[in-house]
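Let's take a walk through a protein together, one region at a time. Keep the picture open beside you as you read.

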Amino acid sequence: MIRYLYADELKNHPKLAEGMFRDRADQFKTRLGWDVHVNERGEERDQYDDLNPLYAIWEEEDGSHGGSMRFLPTTGPVMVNDVFGHLTGGAPIRSPLIWEVTRFCLSRTASPRTAGAIMLCGGEVMEGFGLTHIAGVFDARMVRIYRLIGSSPEILGSEGTGRDRISVGLWPFSPADCTRVAERAGIPRELSRMWFNAAFGKAERPRFARSA
């Protein structure tokens, strides 16, 4: 199932949280060789985890982490502006209707449906909070994964070549995309919506640490 948790709620799900940060270290540091910090607990965390982001997390039947990604509003500090702003010509992506997604992570034991389930969360968040787009930074390997999942972004800018190519992209909200991603993941859209509503209902407002 999918859980939507703000950072200050992770303490209520310690096994899930520990698994997420450890799997991030495994994916980004060990497997991909990114220059990220891993703490003494074997967890990958950065300064954006201190801003009370929203996480969408696939929880396996045994309560362990299967996959996840992180949301922050572009009205506050985000990677697409702070670190990769040069890829969009120096013009920041900043709007209350656009949130950033980062740290798309899958555990080594994740099933093929998990990637689609996590991507479907982007559509649920956009629809549920009235967003027009989500923005993200991704590497070359993700282009094929997004295509298989059924939701590819509009690329705003890139640098590098081959496997080292990094891009910034925008995903617009599209009901058709949500339906396609849900079908390919084998998850009924009604079930996906139920998971979102279980977390937020219909009156919940975003509550990030800083949304300027």
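How much space lies in the largest pocket? In this predicted model, the answer is about 770 Å³. Rolling a probe the size of a water molecule over the atoms shows where empty space is left. The lining of the largest pocket is made by 33 residues. To find its centre, look for Phe-28, Trp-34, Arg-103, Asp-139 and Ile-166, which lie nearest to that point. Several elements each give two or more residues to this lining: α1 (14–31), β4 (98–106), β5 (133–139), α4 (140–149) and β7 (166–172). By character, the lining residues divide into 19 nonpolar, 10 charged and 4 polar.

Let's stay with α4, one of those lining elements. Which residues of α4 are buried? They are Met-142, Tyr-146 and Ile-149. These three lie on the same side of α4, because they cover an arc of only 60 degrees around the axis. The general rule behind such patterns is that an α-helix has 3.6 residues a turn, so residues three or four places apart point the same way. Turn to the face of α4 that looks away from the buried side, and you will meet the exposed residues Arg-144, Arg-147 and Leu-148. The buried residues of α4 are covered by, among others, β4, α3, β5, β7 and α5. Just after α4 comes Gly-150, with a positive phi of about 110 degrees.

Now move along to helix α5, residues 175–185. Here the buried residues are Asp-177, Cys-178, Val-181, Ala-182 and Ala-185. They share the same side of α5, because their arc around the axis is only 130 degrees. Pro-175 and Glu-183 are exposed, on the face of α5 turned away from its buried side. The cover over the buried residues of α5 includes α3 (112–129), α4 and α6 (189–200). Just after α5, Gly-186 takes a positive phi of about 70 degrees.

Next, let's look at charged side chains. How many salt bridges does a search of the whole structure find? It finds 17. In one of them, the side chains of Arg-108 and Asp-26 meet, with an N to O distance of 2.7 Å. This pair links distant parts of the chain, since Arg-108 sits in the loop between β4 and α3 and Asp-26 in helix α1, 82 residues apart. Are these two partners buried or exposed? Arg-108 counts as exposed because its relative accessibility is 56%, whereas Asp-26 counts as buried because its value is 16%.

Another salt bridge joins Arg-70 and Asp-46, whose closest N and O atoms are 2.8 Å apart. Arg-70 belongs to strand β3 (residues 65–73), while Asp-46 lies in the loop between α1 and β2 (54–59), so this pair, 24 residues apart, also links distant parts of the chain. Both Arg-70 and Asp-46 are buried. They also take part in a network of salt bridges, together with Arg-24, Glu-44, Asp-49 and Arg-103. You have met Arg-103 already, among the residues nearest the centre of the largest pocket.

Asp-139 is another familiar name from that centre. It forms a salt bridge with Arg-141, the closest N and O atoms being 3.0 Å apart. Asp-139 counts as buried because its relative accessibility is 7%, while Arg-141 is partly exposed, with a relative accessible area of 32%.

Note on methods: Residues are numbered from 1 along each chain as its sequence is written. This is a predicted model: local features need pLDDT of at least 70, side-chain atom pairs count only at pLDDT 80 or more; totals for chains, interfaces and linings use all residues. Side-chain values use heavy atoms; hydrogens and water are left out. On a 1 Å grid over the protein atoms alone, a cavity is a set of points where a 1.4 Å probe fits but cannot get out, and a pocket is an open set with protein on both sides within 12 Å along at least five of seven lines; lining residues have an atom within 4 Å of a point. Grid points are joined across faces, edges and corners, and a volume is the space filled by probe spheres set on the points. Helices (H or I, at least four residues) and strands (E, at least two) are DSSP runs, numbered from the N terminus. Ala, Val, Leu, Ile, Met, Phe, Trp, Tyr, Cys and Pro count as nonpolar, Asp, Glu, Lys and Arg as charged, and the others, Gly among them, as polar. Buried means under 20% relative accessible area, exposed over 50%, partly exposed in between (1.4 Å probe, protein chains only). The arc is that of the directions from the helix axis to the C-beta atoms. Contact means heavy atoms within 4.5 Å. A salt bridge is a side-chain nitrogen of Lys or Arg within 4 Å of a carboxyl oxygen of Asp or Glu.
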